[in-house]
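Work through the exercises below with the model open. Each task is followed by its solution.

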Amino acid sequence: MIRFLTVLVGVFVLTLGVASAQAPAPTPPAAAKKAPTAVITLEKGGEIVLEFWPQDAPKHVENFVKLANEKFYDGQRVHRVEPNFVVQFGDPQSKTLPMDDPKMGQGGPGYTIKAEFNKRPFDRGVLGMARTNDPDSAGSQIYIMLGPSHFLNGKYTAFGKVTSGMGVVDQIKVGDRIKSVRIVQ
């Protein structure tokens with residue numbers, strides 16, 4: 001009986017060894033895709049690095065990346081600076097219209113995207129998408145927060161933040177030209 005059990009245990013151990021040798025190794029979880037970042041270079045010098053939040057506003061991030069890759073923002077001027085509030089750009093008319101033209105700040109890419117309100121607070125350095133009174137009217141105009149403005153929370157889409165160059169943002173004036181916006185994967 002003992003000999004029978006020894007053989008049985010031996011067969012069982014051998015079977016386990018063969019089964020585990022043949023079993024495929026567990027696959028490690030897929031590496032999370034790193035969100036793209038952007039580098040804004042100003043004509044007068046200085047760079048601003050943006051980090052995006054695709055988990056909170058995927059369509060807004062996708063839209064900005066698409067426009068930047070098409071060089072949509074290159075050559076535009078900053079058309080709005082409100083101290084302690086925002087620096088805003090993204091109106092393609094700013095490439096040619098005088099800064100005091102009444103149409104300044106009304107231009108866009110020719111389409112709009114739906115709002116993606118989220119729980120990100122509008123603190124200093126946060127990147128938001130400008131819009132009209134219609135929540136689903138965002139297009140290309142973005143703003144960088146110069147200070148906290150929590151009254152915007154849940155009413156505008158926050159989709160990224162400045163990770164480097166906030167001192168450059170603080171020095172921006174109306175009319176400053178954007179040399180380029182480059183996406184870094």
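The model is predicted: local features need pLDDT of at least 70, side-chain atom pairs count only at pLDDT 80 or more, and totals for chains, interfaces and linings use all residues. Numbering starts from 1 along each chain as its sequence is written, and side-chain values use heavy atoms, with hydrogens and water left out.

**Exercise 1.** Place Q88 and find the polar partner of its side chain.

Solution.
- Start with the strand: Q88 belongs to β4 (residues 86-89), a DSSP run of E with at least two residues, numbered from the N terminus.
- Check burial. Q88 has a relative accessible area of 6% and is buried (under 20%, 1.4 Å probe, protein chains only).
- List contacts (heavy atoms within 4.5 Å). Beyond neighbours within four places in sequence, Q88 touches V78, H79, R80, A130, Q141, I142 and Y143.
- Pick the partner: the side chain of Q141 makes a polar contact of 2.8 Å with that of Q88. The term means a pair of N or O atoms within 3.5 Å; within protein, one must be able to donate a hydrogen and the other to accept it, and residues adjacent in sequence count only if both atoms are side-chain atoms.

**Exercise 2.** Is D74 buried or exposed, and which side chain does its own side chain meet in a polar contact?

Solution.
- Locate D74: the loop between α2 and β3 (80-82).
- D74 counts as buried because its relative accessibility is 13%.
- Measure along the chain: I178 is 104 residues away, yet the C-alpha atoms are separated by 5.8 Å.
- Finish with the side chains: D74 and R182 make a polar contact at 2.9 Å.

Notes:
Helix = DSSP H or I, 4+ residues; strand = E, 2+ residues; numbered from the N terminus. Buried < 20%, exposed > 50% of the residue type's maximum accessible area, 1.4 Å probe, protein only.
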